[in-house]
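Please keep the sequence and the model side by side while reading. The paragraphs below go from one part of the chain to another and explain what can be seen there.

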Amino acid sequence: MKKKTFHSGFIAVTGKPNVGKSTLVNQLVGKKVAITSPKSQTTRQRILGVRSTEENQMIFVDTPGLTSPRDLLGKRLVKHSEEALVDCDVCLFMVSGIHPEPKDEDRWAFRVLRGGLRNRKPAPTLYLVINKVDRVPDKRELLPVIENYSKLGEFSEVFPISALKGDNLKTLEKAIEACLPVGPAYFQEEDLESGEDLFYISEIIREKVLMFIHEEVPHGVAVAIDEVRPGKDGKTLYVRATIFVERESHKAIVVGAGGQMLKKIGSKARKELSLWKKQPVFLDLWVKVKEGWQDREEMLRLFGYA
Ligand SMILES: Nc1nc2c(ncn2[C@@H]2O[C@H](COP(=O)(O)OP(=O)(O)OP(=O)(O)O)[C@@H](O)[C@H]2O)c(=O)[nH]1
Ligand SMILES: [Mg+2]
């Protein structure tokens, strides 16, 4: 019997912050590749998530939420998102169905997307993904939502989904599959297991900071891994990391009274990292103030955001 032709492609997931892009990528890949949180601008890099079958390989590219930049970091986030548009085969523009019509931020994000796709010939398939429909209990209310967001641009299809609950993801997956070009498996399983450890560890720590700390602190938080080595007992993995904040007052919040908050962050991150590494992890966490790091090139480089 003739072997079926293999298909593969890059799928960029874009949209304004907090609409659920990373949640969707994790769901479609079937494991956590990107951290998620209710805070805006959780994702700060392009993150690849790969899903392979016998017939195809989908490479999802999670991107930072598109929003008007307020500092050098913000500009880099937009740049990372734009770069994902350069060679994608499919582009998902994601919005939140909780709001009945597009906000200025959705329009801004869509303008950036359109600019990024302007010179693409042939243009990639553009799908509109309306997320969080689990929060719209009366499904009749979805019709005007679909209509309002569809007016943003020329979409090949519209998918109301819930990334969190998994609603309608199979339909979306099938539609993506249908437009994958003939191509090789770009990634092998072994490529995916190695290389990204330090980044992932730093992201898990940052996710726990975002989980427990509110207000204006999260935007100014970044994590650097200082050391990773086998512990003295031969079983434990020792990780030393620094949480950077932008103000002394933020440091006090992250550390908490008697170090309670830092302990809470560390304990949550340690548990998740131990499960992921399948070995006990000892996490040695420090907090440092670096004022205005979001506008300093060398700091963006240190955190991998440059
Ligand atoms: N109710 C509901 N919440 C969702 C859904 N998808 C994501 N969320 C929540 O929305 C918040 C943002 O999700 P993320 O996946 O981090 O959003 P994002 O678009 O990647 O955000 P940025 O990285 O900041 O651009 C989190 O609290 C998610 O749990 C959904 O389908 N339904
Ligand atoms: Mg994200």
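A residue is called buried when its relative accessible area is under 20%, exposed when that area is over 50%, and partly exposed in between. This is a predicted model, and the cut-offs can be applied to isoleucine 59, which has a relative accessibility of 0% and therefore counts as buried. Isoleucine 59 belongs to strand E3, which covers residues 56-62. Leaving out residues up to four places away in sequence, isoleucine 59 touches Gly9, Phe10 and Ile11, then Leu48, Gly49 and Val50, and also Tyr186 and Phe187. Isoleucine 47 is twelve residues from isoleucine 59 in sequence, and the C-alpha atoms of the two are 9.9 Å apart in space.

One of these partners, glycine 9, can be taken up next. Glycine 9 is found in strand E1 and is likewise buried, because its relative accessible area is 0%. Apart from neighbours within four places in sequence, glycine 9 is in contact with Gln57, Met58 and Ile59, as well as with Asp89, Leu180 and Pro181. Arginine 206 lies 197 residues from glycine 9 along the chain, with 30 Å between the two C-alpha atoms.

The loop between E1 and H1 holds asparagine 18, whose phi is positive, about 70°, although asparagine 18 is not a glycine. With a relative accessibility of 35%, asparagine 18 falls between the two cut-offs and so counts as partly exposed. Asparagine 168 also has a positive phi, near 70°, in a residue other than glycine, and its place is in the loop between E6 and helix H5, residues 169-178. Asparagine 168 is partly exposed because its relative accessibility is 32%.

Which protein atoms serve as donors to the magnesium ion (ligand 2)? They are OG of Ser22 and OG1 of Thr43, at 2.0 to 2.1 Å from the ion. Serine 22 lies in helix H1 (residues 21-29) and threonine 43 in the loop between H1 and strand E2 (47-52), so the two donors tie together parts that are 21 residues apart in sequence. Serine 22 and threonine 43 are both buried.

In soluble globular proteins, nonpolar side chains tend to be buried together. The largest nonpolar core of this model has 28 residues, of which Phe93 and Leu113 touch the most other members. At least two residues of this core come from each of strand E1 (7-15), E3, helix H2 (72-86), strand E4 (90-96), helix H3 (104-117), strand E5 (125-131) and helix H4 (142-150). H3 supplies the largest share, five residues. Beyond its neighbours within four places in sequence, phenylalanine 93 has contacts that include Thr14 and Gly15, Ala109, Phe110 and Leu113, Leu126 through Val129, and Leu152 and Phe155. A cis peptide bond, with omega about 0°, joins lysine 121 and proline 122, and proline 122 has its place in the loop between H3 and E5.

A pair of aromatic rings is described by the distance of the centres and the angle of the planes. A search of the whole structure finds eleven aromatic pairs. In one of them the rings of tyrosine 127 and phenylalanine 159 have centres 5.0 Å apart and planes at 75°, which is over the 60 degrees needed, so this pair is edge-to-face. Tyrosine 127 in strand E5 and phenylalanine 159 in strand E6 (residues 157-160) are 32 residues apart, and their pairing links distant parts of the chain. Both tyrosine 127 and phenylalanine 159 are buried. The pair of tyrosine 200 and tryptophan 276 is tilted, with 4.6 Å from centre to centre and 40° between the planes. This pair also links distant parts of the chain, since tyrosine 200 lies in helix H7 (residues 197-212) and tryptophan 276 in helix H9, 76 residues apart. Tyrosine 200 is buried because its relative accessible area is 12%, whereas tryptophan 276, at 32%, counts as partly exposed. Ring pairs also link Phe244, Trp293, Phe303 and Tyr305 into a cluster.

Helix H9 (residues 260-277) also packs against helix H8 (residues 248-255), at an angle of about 65° and with the axes 5 Å apart. H8 makes this contact through Ile253, Val254 and Val255, and H9 through Gln260, Met261, Leu262 and Ile265. Six of the residues in the contact of H8 with H9 are nonpolar, one is polar and none is charged.

Conventions:
Residues numbered from 1 in each chain as written. Chains lettered and ligands numbered in written order. Predicted model: local features only at pLDDT ≥ 70, side-chain atom pairs only at ≥ 80, totals over all residues. Heavy atoms only, no water. Donors = N, O, S within 2.8 Å, 3.2 Å for Na, K, Ca; no water. Helix = DSSP H or I, 4+ residues; strand = E, 2+ residues; numbered from the N terminus. Buried < 20%, exposed > 50% of the residue type's maximum accessible area, 1.4 Å probe, protein only. Contact = heavy atoms within 4.5 Å. Core = buried A, V, L, I, M, F, W, Y, C linked by side-chain atoms within 4.5 Å. Axes fitted to C-alpha atoms, helices over the stretch in contact; angles between N-to-C directions. Nonpolar A, V, L, I, M, F, W, Y, C, P; charged D, E, K, R; others polar. Phe/Tyr/Trp six-rings, centres within 6.5 Å; stacked < 30°, edge-to-face > 60°.
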